[in-house]
Amino acid sequence: MGVEAGETSSFLSFTSAFSYGVASMAMVFVNKAVVMQYVHSMTLLTLQQLATGLIIQFSQVLGLSKRKDLSMATAKKLLPLSIFYNANVAFALASLKGVNIPMYIAIKRLTPLAVLVSGFLRGKGKPPTQVSLSVLCTAAGVLVAALGDFSFDLYGYLMALTSVFFQTMYLILVEKSGADDGLSSMELMFYNSILSLPFLFFIIIATGEFPHSLSVLSEKTASLAFSVILLISLVMGIVLNYTMFWCTIVNSALTTTIVGVLKGVGSTTLGFVVLGGVKVHALNVTGLVINTFGGVWYSYAKYTQKKKMPRKIAPDEESHPHK
């Protein structure tokens, strides 16, 4: 009986990790496919959050899921997290307009470096040597790859780097607040979507996207192919977040991070042949290989660091899951 329980646990661990990896990889390509045809990325994000809230609400009405009543105290705690989370995703979507997928993934791997630097500035001390060297390796890979990126887009690069900044701020806030304690993944996602909508509505009006973006969307949805991709994008938003939380609950935040890195290896490889936009150059490929190696090395360094740590509950912002 113990063996059966162990097998079930292993199967659940693998299934949750595999599901997150597939969903995370698919989301990058689906978003890229949408923004190649529909440039209004903030409106897209607003629609994704609206769809998430509605799907969760309908699932509760149908009795498919349960959640506690909304609490103002919890909402206040989660508001800063929601703003930084959406800023991260918004700038990431904006960067995908001009940056090819391999370079986008390479730049996003700079997040651990940004987290380590911010931790050092806040007096958290020097990280382990292997962790420091691995994140420097990923950064060096980005620089080398950028030098050989014939499709270099300054705006896209700046958007991706800004996304890294907001992702870092989000991780630091998560560590400080502990606001997500005691909430299920569905409840977290529902709070995030509800809190996001006023902020996103303000942004799409302030930037002038709305209402023009809706008329463009109406024209675009005349195409069945675009409508299908858009629908997949809206559904994938909730699938990605759900599988990310599921993987973290069943396994650990560290496992989720490692799966994210391995997903990045697959996405980088596929990115050279899917959706186009990549002009192969020796420097670009070399830089991406260095960057990917750094990412895998970082995962290994964090894993060995975790194994050496005494068994206690301690926040680990570098290994907190992120999009």
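Seven aromatic pairs turn up when the whole structure, a predicted model, is searched. A pair of aromatic rings is described by the distance of the centres and the angle of the planes. For Y38 and F226 the ring centres are 6.2 Å apart and the planes stand at 55°, so this pair is classed as tilted. A tilted pair is one whose angle is neither under 30 degrees, which would count as stacked, nor over 60, which would count as edge-to-face. Y38 and F226 connect distant parts of the chain, being 188 residues apart. Y38 sits in the loop between helix 1 (2-37) and helix 2, while F226 belongs to helix 10 (residues 224-250). Y38 and F226 are both buried.

A further tilted pair is made by F293 and W297, with 5.8 Å from centre to centre and 40° between the planes. Here the two partners share an element: F293 and W297 lie in helix 12 (residues 282-308) and are four residues apart, about one turn of the helix. W297 has a relative accessibility of 23% and therefore counts as partly exposed, since the buried class requires a value under 20%. Aromatic residues also gather in a group, with F84, F91, F165 and F166 forming one aromatic cluster.

The fold as a whole can be set out next. The protein chain contains twelve helices and zero strands, and read from the N terminus the order of elements is α-α-α-α-α-α-α-α-α-α-α-α. Of the 323 residues in the protein chain, 49% are buried.

Which residues touch the most other members of the largest nonpolar core? They are L78, M103, Y104 and I107, in a core of 64 residues. Helix 3 (residues 72-95) supplies the largest share of this core, ten residues. Separate from it is a second core of five residues, and L116, V135, Y298 and A301 are among them.

Individual buried positions show which parts of the chain come together. L171 is placed in helix 7 (residues 154-177). With a relative accessible area of 2%, L171 is buried, because that value falls under the 20% limit. L171 and V115 are 56 residues apart in sequence, and their C-alpha atoms are 7.9 Å apart in space. G148 is in the loop between helix 6 (129-147) and helix 7. G148 counts as buried because its relative accessibility is 1%. Between the C-alpha atoms of G148 and G287 there are 8.1 Å, although the two residues are 139 residues apart along the chain.

Helix 9 (residues 212-220) can be read by its faces. Its buried residues are S213, V216 and L217. Viewed down the axis of helix 9, these buried residues fall within an arc of 100°, so they line one face of the helix. The face turned away from that buried side carries S218 and E219, which are exposed. L217, found in helix 9, has a relative accessibility of 11% and so counts as buried. L217 is 178 residues from V39 in sequence, and the C-alpha atoms of L217 and V39 are 10.0 Å apart in space. Before helix 9 comes a backbone detail: P211 lies in the loop between helix 8 (185-206) and helix 9. Is the peptide bond from F210 to P211 cis or trans? The bond is cis, with omega near 10°.

The last stop is the surface. L50, L54, F58, L62 and L64 make a nonpolar surface patch of about 550 Å². One of these patch residues, F58, lies in helix 2 (residues 41-61). F58 counts as exposed because its relative accessibility is 54%, and the exposed class begins over 50%. F58 thus stands in contrast to the aromatic residues Y38 and F226, which are buried.

Terms used. Residues numbered from 1 in each chain as written. Predicted model: local features only at pLDDT ≥ 70, side-chain atom pairs only at ≥ 80, totals over all residues. Heavy atoms only, no water. Patch = residues over 30% accessible without salt bridge, like charges linked within 9 Å, V, L, I, M, F, W, Y side chains within 5 Å. Areas by Shrake-Rupley, 256 points an atom, 1.4 Å probe, with all protein chains shown as cover. Salt bridge = Lys/Arg side-chain N within 4 Å of Asp/Glu carboxyl O. Helix = DSSP H or I, 4+ residues; strand = E, 2+ residues; numbered from the N terminus. Buried < 20%, exposed > 50% of the residue type's maximum accessible area, 1.4 Å probe, protein only. Phe/Tyr/Trp six-rings, centres within 6.5 Å; stacked < 30°, edge-to-face > 60°. Core = buried A, V, L, I, M, F, W, Y, C linked by side-chain atoms within 4.5 Å. Arc of directions from axis to C-beta.
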